[in-house]
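Please look at how the charged side chains are arranged in the structure shown here, and consider which of them pair and which stand without a partner.

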Amino acid sequence: MPRGRSTFTKRKKEQARQQKQREKVERRVQRKQEKPEGGVMDGADEMRELREHAEAQAALFRIGEDEAEESTEDDGEDSSE
């Protein structure tokens with residue numbers, strides 16, 4: 001007995017649904033594999049990153065202090081002459 005148009009359409013829709021499901025699972029697996037590289041850090045990595053950030057911030061503040069010290073030293077040298 002020949003199959004009707006609705007059977008063919010249903011079969012194609014089901015195949016498309018299954019294909020989307022497989023693609024979705026593949027994307028999920030790929031994200032899970034990529035996550036450890038930039039994902040959760042252990043305590044040592046987190047402390048290292050915080051220390052580096054703190055050093056960078058301290059360097060920014062030291063730049064301003066160096067300029068202030070130079071201008072103070074210049075003023076002090078001129079008054080002693």
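The paragraphs below go through the salt bridges and then turn to a patch of charge on the surface.

The model is a predicted one, and the account of its charged side chains begins with pairing. Side chains of opposite charge can pair when their charged atoms come close. With a salt bridge taken as a side-chain nitrogen of Lys or Arg within 4 Å of a carboxyl oxygen of Asp or Glu, the count in this model comes to 3 salt bridges.

One of these salt bridges belongs to helix 1, which covers residues 5–38. Here Glu14 is joined to Arg17, and the closest N and O atoms of the pair are 2.6 Å apart. The two residues are 3 positions apart in helix 1, so that about one helical turn separates Glu14 from Arg17. Both partners are partly exposed, since Glu14 has a relative accessibility of 34% and Arg17 has a relative accessible area of 44%.

In helix 2, which spans residues 43–80, the pairing extends to a third residue, as Asp45, Arg48 and Glu52 are linked in a network of salt bridges. Asp45 forms a salt bridge with Arg48, for which the closest N and O atoms lie 3.8 Å apart, a value that falls within the 4 Å cut-off. Arg48 also forms a salt bridge with Glu52, and there the closest N and O atoms are 3.3 Å apart. The spacing along the helix can be followed for each pair: Asp45 and Arg48 are 3 residues apart, which places about one helical turn between them, while Arg48 and Glu52 are 4 residues apart in helix 2, again about one turn. As for accessibility, Asp45 is partly exposed at 31%, Arg48 is partly exposed at 40%, and Glu52 is partly exposed at 43%.

Which residues form the positive surface patch? The patch is made of Lys24, Arg27, Arg28, Arg31, Lys32 and Lys35. Taking Lys24 as an example, its place is in helix 1, and its relative accessible area of 45% makes it partly exposed. Lys24 can therefore belong to such a patch, because patch residues need over 30% relative accessible area and no salt bridge, and the value of 45% for Lys24 satisfies the condition on area.

Taken together, the charged side chains described here include the pair of Glu14 and Arg17, the network of Asp45, Arg48 and Glu52, and the positive surface patch to which Lys24 belongs.

Notes:
Residues numbered from 1 in each chain as written. Predicted model: local features only at pLDDT ≥ 70, side-chain atom pairs only at ≥ 80, totals over all residues. Heavy atoms only, no water. Patch = residues over 30% accessible without salt bridge, like charges linked within 9 Å, V, L, I, M, F, W, Y side chains within 5 Å. Areas by Shrake-Rupley, 256 points an atom, 1.4 Å probe, with all protein chains shown as cover. Lys, Arg positive; Asp, Glu negative; His and termini not counted. Charge placed at Lys NZ, Arg CZ, Asp CG, Glu CD. Buried < 20%, exposed > 50% of the residue type's maximum accessible area, 1.4 Å probe, protein only.
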